[in-house]
Amino acid sequence: MIKVLVVDDDKLVRQGLISAMPWADFEMEVVGEANNGEKALEFLERHEVDLLLTDLAMPVMSGIELMRAARAKYPSLYIVVLTLHQDFDYIQEALRLGAIDYIAKVQLERERFDEVLGRVYQRMQEERRVRSAAMPDVYAVGLGYALIAGEGEPADASDPLLREAPFAGADVEEVEDGLWLWTCAEQAAPEDAALDAWLRRISEREGWLLLRVASLTGKRRGTVHRGLRGYRSREYFYAYEPDHRFVDTTADRLSSPPAETAEAIALQLRDEWLSLEWLREEESAFADRLRRLRDARLPAARLETILFVVESEWSRVFAAVAGERPPLPERLEHWNGAEAWFRDVRRWTAVATGASLYSADVAAAVMKAIAIVKDEWNGPLLAADVARRVNMSRSYFSQCFRDIGGKPFNEYVRTLRMEKAKEYLLHTAKPIQWIAEQTGYQDEKYFSRLFRDYTGCLPSEFRSRSSR
């Protein structure tokens, strides 16, 4: 069935169209209605729609504005405009934006509904034949790799990381800004070594994540794209881990978003953290408490609310002893930020009350990890690998390393590499690409950007200033 969304600011017009049109005769079904463009976009984000029937003159967001936004996000969507406007230029603008037909409201008083809908159906079939010749509506291959760029690390088609993706012969689609999908037959999947090398480069980019999507064969392109956008807006927050940038999923899972957490469970979790028992409980119990909170998959905004009320309660109890309040993150971009904050508050509390944070065994393990970093700083270094080598869990290792080493693991490694890069720039005439590779970075542009963030100038500028 062709799924239809009707958009018009006049409720009587919407109800009249929905009830009077012979939708079923043309394999159509109205799945929703909206009274303005913003509501329509919200509906499109959550539901599968094939045909958008929209008025042009609406408050909040006009039909033209809706068309621009919908065409950018949902290129496979068919659009028909419903309008009182008879101005040729106005209608031409709608057609230029991709409308397959337009219906003047006055026509609905003179023409039979089945003739109007039949014409729309015929235009859809013609457009579908044109599209299928250019790009199939369903995937004929079974495997996809979706790359999500972090908000703080924007990229475009010229980015070396995209150009050097290890998917030889694969088709690539830009689903939306910062979200790309490569598709290929399963037998054409990249070799593990090539994929691992690319993942190491992805791990250098803050917030970037790679999904391997199986079972694409026969799935509709629009459905897969919608699922990927939904994953980015909902699941990415919990799936992203700085030390693990690869997630396996399937096309069916993408199209079946997780159920929302019940309000009663969300309130129970808030009360558990408000009790402040977690400040002094054993690490295993604290880790289990964190796991339950993460498994609840609360929306980021709801999680931020819990942090706010917990911070207020902590300050009420400990502010007089600590002398200051633990700063709340400006914005939670992923779950790790929330976990780090809870661990920070435990550390603040331990310091304020004179309690010991870590045992001698934990301190020794972290010192061993620091020695590993200092010996292997110019090679691929991931916190997960080092944590495994010193027999610690990844999440606990990251917190202990930051407290004992004075900096987060990735920042500690980056500092060592940048200081060595400064030495190379000062004491050798080697090109920037060579220095980037010697300090663990394959991408010269990315290395230069990190160096500028660290020193305030590009490598070439640093060398030039130092030689004066």
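Modeller: Before we start, a word on names: helices (H or I, at least four residues) and strands (E, at least two) are DSSP runs, numbered from the N terminus. Also, keep in mind that this is a predicted model.

Biologist: Okay, which elements each supply at least two residues of the lining of the largest cavity?

Modeller: The structure holds 1 cavity of 30 Å³ or more, and its volume is about 50 Å³. Its walls come from M21, W23, L51, L53, V80, I103, L117 and V120. Residues 51-55 make up one of the elements you're after and residues 113-134 the other. So by the DSSP numbering, those are β3 and α6.

Biologist: And by class, what lines the largest cavity?

Modeller: Met, Trp, Leu, Val and Ile count as nonpolar. The lining includes M21, W23 and I103. There are no polar and no charged residues in the lining, and the nonpolar count is 8.

Biologist: Switching to helices, how are α2 and α3 arranged relative to each other?

Modeller: The axes of α2 (residues 37-46) and α3 (residues 63-73) come within 10 Å and cross at roughly 15°. The crossing is right-handed. Angles under 35 degrees count as roughly parallel, and therefore α2 and α3 are just that: roughly parallel.

Biologist: Which residues in α3 does α2 meet, and what classes make up the contact?

Modeller: On the α2 side you've got G37, A40, L41, L44 and E45, and they meet L66, A69, A70 and K73 in α3. By class, that contact of α2 with α3 comes to 6 nonpolar, 1 polar and 2 charged residues.

Methods
Residues are numbered from 1 along each chain as its sequence is written. This is a predicted model: local features need pLDDT of at least 70, side-chain atom pairs count only at pLDDT 80 or more; totals for chains, interfaces and linings use all residues. Side-chain values use heavy atoms; hydrogens and water are left out. On a 1 Å grid over the protein atoms alone, a cavity is a set of points where a 1.4 Å probe fits but cannot get out, and a pocket is an open set with protein on both sides within 12 Å along at least five of seven lines; lining residues have an atom within 4 Å of a point. Grid points are joined across faces, edges and corners, and a volume is the space filled by probe spheres set on the points. Axes are lines fitted to C-alpha atoms, for helices over the stretch in contact, and angles run from 0 to 180 degrees between N-to-C directions. Angles under 35 degrees count as roughly parallel, over 145 as roughly antiparallel, 65 to 115 as roughly perpendicular and the rest as oblique. A crossing is left-handed if the near helix is turned anticlockwise from the far one by less than a right angle, and right-handed if clockwise. Contact means heavy atoms within 4.5 Å.
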